[in-house]
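Let's take a walk through a protein together. Have the sequence and the 3D view open, and look for each residue as it comes up.

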Amino acid sequence: MAIVSFEKVSKDYLTDGQRVHALDDITLEIERGEFVALMGRSGCGKSTLLNLAGAMDFPTSGNVVLDGVTTSALKDAGLTCLRREKVGFIFQSFQLLHTLTVFENVELPLLLAGKPKARDAARERLDWVELDGLGDRYPHQLSGGQMQRVGIARALVQSPAILLADEPTGNLDTITGNVILGLLKRLTRELNTATIMATHSAEAGALADAVVRLRDGKIEEIGRR
Ligand SMILES: Nc1ncnc2c1ncn2[C@@H]1O[C@H](COP(=O)(O)OP(=O)(O)OP(=O)(O)O)[C@@H](O)[C@H]1O
Ligand SMILES: [Mg+2]
C-alpha cells in the first residue's frame, strides 16, 4: 500500500476574491522507501502539494491518504495530530531555534509531545546524520550543511511515516547540497520511509528514485527509475 496517495486532488486558493488553481486533478502514489523529487517552475504547485501530503491543509476536492488516513475526513485538530505523528519537515532555511543547542533542537518535537527518552532519541538521530559529538553546540557554531543535518535529525526524531523537504539544498553550495541529498536518499531507504522533496536542482532530480514534474498545477510527467 502507498504510504501517501493523491486521488484526483485539486487545491484552489481564494485571495481577494481571486481564485488560484494551485493543483488540478493530481493522482499520485508514493511507496515506502521512495525518494521523490518534485520539480517544475516557480508557482507550479510544488509547495502546495507538499502541504497537502503533510496534512498542513485540506484539498479543495479529491482525497489525500496519508498512511491509511484520509485527511479530508478529519477536522483541524485531527489534521494537526496526524501531521505531528506521521510527518517530518525539512526546510530550506533549516528553521533551527538559535537559543537552543543541537540536542535541544532535535529533542523539541518529542518534548512538546510529552514523550520520554528525548535525549536518547536525539543522540541516535544525530548519529544517523553523522553529527555525533556536536549535540552541545549552538546552531551559530555549525556550517550550513551541519545545520541541515540537524534539521534532518529533528525531522526524524518522531520516526515519521514520510519526510517532506521544500528546497532542502536551496541554501547550500552544490557540493554540500549533494552530500545532503545522498544522506536523505540513504536514510529514506534504510528507515523505509518516503521522502518527497520540492527542488529546482538538477542533481536532486538525477539522484531521485522518481521525478514528478508539475506544470500549472498538473502532473506533466512521472519518471521512475
Ligand atoms: N496561501 C496561498 N494563498 C493564495 N495563493 C497561493 C497560496 N500559496 C500558493 N499560492 C499560489 O498557488 C500557486 C502554487 O504555488 P506554490 O507555492 O505551490 O508553487 P511552487 O511550485 O512551490 O513555487 P516555488 O518554486 O516558487 O516555491 C501559485 O500561483 C501561488 O501564487
Ligand atoms: Mg515552493
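## Around the ligand

A polar contact is a pair of N or O atoms within 3.5 Å. Keep that cut-off in mind, and remember that this model is predicted. In the model, an oxygen atom of ligand 1 sits 2.6 Å from an N or O atom in the side chain of Thr48, so the pair counts as a polar contact. The side chain of His200 joins in too: one of its N or O atoms is 2.9 Å from an oxygen atom of ligand 1. With Cys44 it's the backbone that takes part, as a polar backbone atom there is 3.3 Å from an oxygen atom of ligand 1. How much of ligand 1 does the protein bury? On its own the ligand exposes 630 Å², and the protein buries 62% of that.

So who's in the crowd? The residues surrounding ligand 1 include Tyr13, Thr15, Val20, Ala22, Lys46 and Ser47. Sorted by type, the shell holds four nonpolar residues, seven polar ones and one charged one. Strand 1 (4-15), strand 2 (18-30) and helix 1 (46-53) are the elements that each give two or more residues to this shell. Which of the elements gives the most? That's helix 1, with three residues.

## Two nonpolar cores

In soluble globular proteins, nonpolar side chains tend to be buried together. Here, the largest nonpolar core has 37 residues, and Leu126, Val129 and Ile152 have the most contacts inside it. Among the elements giving it two or more residues are strand 3 (35-39), helix 3 (102-112), helix 4 (118-128) and helix 6 (174-190). The largest share, six residues, comes from helix 5.

Zoom in on Leu126. Skipping its neighbours within four places in sequence, Leu126 is in contact with Val102, Phe103, Val106, Leu131, Asp132, Gly135 and Ala153. Apart from the largest core lies another one, made of 30 residues, with Ala55, Leu82, Val212 and Leu214 among them.

## Two unusual backbone angles

Most residues other than glycine have a negative phi. Asp16 goes the other way: its phi is positive, about 50 degrees, although it is not a glycine. You'll find Asp16 in the loop between strand 1 and strand 2, and it is exposed, with a relative accessible area of 82%.

Gln95 isn't a glycine either, and its phi is positive at about 55 degrees. This residue is in the loop between strand 6 (87-91) and helix 3. Is Gln95 buried or exposed? It's partly exposed, because its relative accessible area is 44%, which lies between the 20% and 50% cut-offs.

## Two buried polar residues

Now for Asn105, which sits in helix 3. With a relative accessible area of just 1%, Asn105 is buried. Which residues does it touch beyond its neighbours within four places in sequence? Its contacts are Leu96, Leu97, Leu100, Pro139, Val150 and Arg154. Asn105 and Ile90 are 15 residues apart in sequence, and their C-alpha atoms are 13 Å apart in space.

Finally, look for Thr169 in the loop between strand 7 and helix 6. Thr169 counts as buried because its relative accessible area is 13%, and buried means under 20%. Not counting residues up to four places away in sequence, Thr169 touches Gly177, Ile180, Leu181 and Ser201.

Terms used
Residues are numbered from 1 along each chain as its sequence is written. Chains are lettered from A and ligands numbered from 1 in the order in which they are written. This is a predicted model: local features need pLDDT of at least 70, side-chain atom pairs count only at pLDDT 80 or more; totals for chains, interfaces and linings use all residues. Side-chain values use heavy atoms; hydrogens and water are left out. A residue is near a molecule or strand if one of its heavy atoms lies within 4 Å of it. A polar contact is a pair of N or O atoms within 3.5 Å; within protein, one must be able to donate a hydrogen and the other to accept it, and residues adjacent in sequence count only if both atoms are side-chain atoms. Accessible areas come from the Shrake-Rupley method with a 1.4 Å probe; for residues, only the protein chains shown count as cover. Helices (H or I, at least four residues) and strands (E, at least two) are DSSP runs, numbered from the N terminus. Ala, Val, Leu, Ile, Met, Phe, Trp, Tyr, Cys and Pro count as nonpolar, Asp, Glu, Lys and Arg as charged, and the others, Gly among them, as polar. A nonpolar core is a set of buried Ala, Val, Leu, Ile, Met, Phe, Trp, Tyr and Cys residues joined through side-chain atoms within 4.5 Å. Buried means under 20% relative accessible area, exposed over 50%, partly exposed in between (1.4 Å probe, protein chains only). Contact means heavy atoms within 4.5 Å.
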